[in-house]
Amino acid sequence: FEVSFDSREGGQATVQISNMSGQIVFESTSKITIGANVLRVHPDVPAGVYILRIKMADKMIYQKIIKN
């Protein structure tokens with residue numbers, strides 16, 4: 001899937017996906033630019049509910065995701 005977001009700073013973003021028990025099941029780091037960014041994320045996880053976290057220098061984004 002793809003994650004779209006805006007950033008005020010360039011640099012790196014760390015994408016983590018955790019299961020509902022808090023275990024990190026996927027993690028990757030990508031370079032980002034100022035402005036609009038799109039990250040392609042391909043976790044190899046079973047169907048279920050997960051928490052997506054994106055850490056950047058100027059903010060942190062959390063989002064609940066559901067994989068069917």
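**Exercise 1. Find which residues Ile65 is in contact with, leaving aside its neighbours within four places in sequence, and place Ile65 in the chain.**

Solution. Setting those sequence neighbours aside, we find that Ile65 is in contact with Phe1, Ile17, Gly48, Val49, Tyr50 and Leu52. The model in which we read these contacts is a predicted one. Next we locate the residue itself: Ile65 belongs to strand 6, which covers residues 60-67. Finally we take one partner from the list, Ile17, and compare sequence with space: Ile65 and Ile17 are 48 residues apart along the chain, while their C-alpha atoms are separated by 9.1 Å.

**Exercise 2. Describe the secondary structure of the chain and decide how its radius of gyration stands beside the globule rule.**

Solution. We begin by counting elements, and the chain turns out to have zero helices and six strands. Read in sequence order, these elements give the pattern β-β-β-β-β-β. The radius of gyration is 12 Å, close to the 11 Å that the globule rule gives for 68 residues, so the chain is as compact as a globular protein of that length. To add the dimensions, we note that the C-alpha trace spans about 35 × 20 × 15 Å along its principal axes. As a last step we turn to contacts with a separation of 6 or more, of which 54% join residues that are 24 or more positions apart.

**Exercise 3. Identify the residues with the most contacts inside the largest nonpolar core, and name strands that supply it.**

Solution. The largest nonpolar core contains 15 residues, and the ones with the most contacts inside it are Phe5, Val15, Ile17, Leu52 and Ile54. At least two residues of this core come from each of strand 1 (2-7), strand 2 (11-19), strand 3 (24-32) and strand 5 (48-55). We may then look at Val15, which, apart from neighbours within four places in sequence, is in contact with Phe26, Glu27, Ser28, Leu39, Val41, Leu52, Arg53 and Ile54. In soluble globular proteins, nonpolar side chains tend to be buried together. For the chain as a whole, buried residues make up 32% of the 68 residues.

**Exercise 4. Classify Thr14, Ser30 and Glu27 as buried, partly exposed or exposed, using the cut-offs of 20% and 50% relative accessible area.**

Solution. A residue is buried under 20%, exposed over 50%, and partly exposed in between.

- Thr14 has a relative accessible area of 17%, and therefore counts as buried. Thr14 is located in strand 2, and, not counting residues up to four places away in sequence, touches Glu27, Ser28, Thr29, Arg53, Ile54 and Lys55.
- Ser30 has a relative accessibility of 21%, so this residue is partly exposed. Ser30 sits in strand 3, where, leaving aside neighbours within four places in sequence, Ser30 is in contact with Gly11, Gln12, Ala13 and Leu39.
- Glu27 has a relative accessibility of 48%, so this residue is also partly exposed. Glu27 lies in strand 3, and its contacts, with neighbours within four places in sequence left out, are Thr14, Val15 and Gln16.

**Exercise 5. State what share of the exposed area carbon and sulfur atoms supply, and describe the charged side chains.**

Solution. The chain exposes about 4,600 Å², and carbon and sulfur atoms supply 49% of this area. Turning to charge, we count 8 positive and 6 negative side chains, and we find that the centres of the two sets lie 3 Å apart.

Note on methods:
Residues numbered from 1 in each chain as written. Predicted model: local features only at pLDDT ≥ 70, side-chain atom pairs only at ≥ 80, totals over all residues. Heavy atoms only, no water. Core = buried A, V, L, I, M, F, W, Y, C linked by side-chain atoms within 4.5 Å. Buried < 20%, exposed > 50% of the residue type's maximum accessible area, 1.4 Å probe, protein only. Helix = DSSP H or I, 4+ residues; strand = E, 2+ residues; numbered from the N terminus. Contact = heavy atoms within 4.5 Å. Rg over C-alpha atoms; globule rule 2.2 N^0.38 Å. Areas by Shrake-Rupley, 256 points an atom, 1.4 Å probe, with all protein chains shown as cover. Lys, Arg positive; Asp, Glu negative; His and termini not counted. Charge placed at Lys NZ, Arg CZ, Asp CG, Glu CD.
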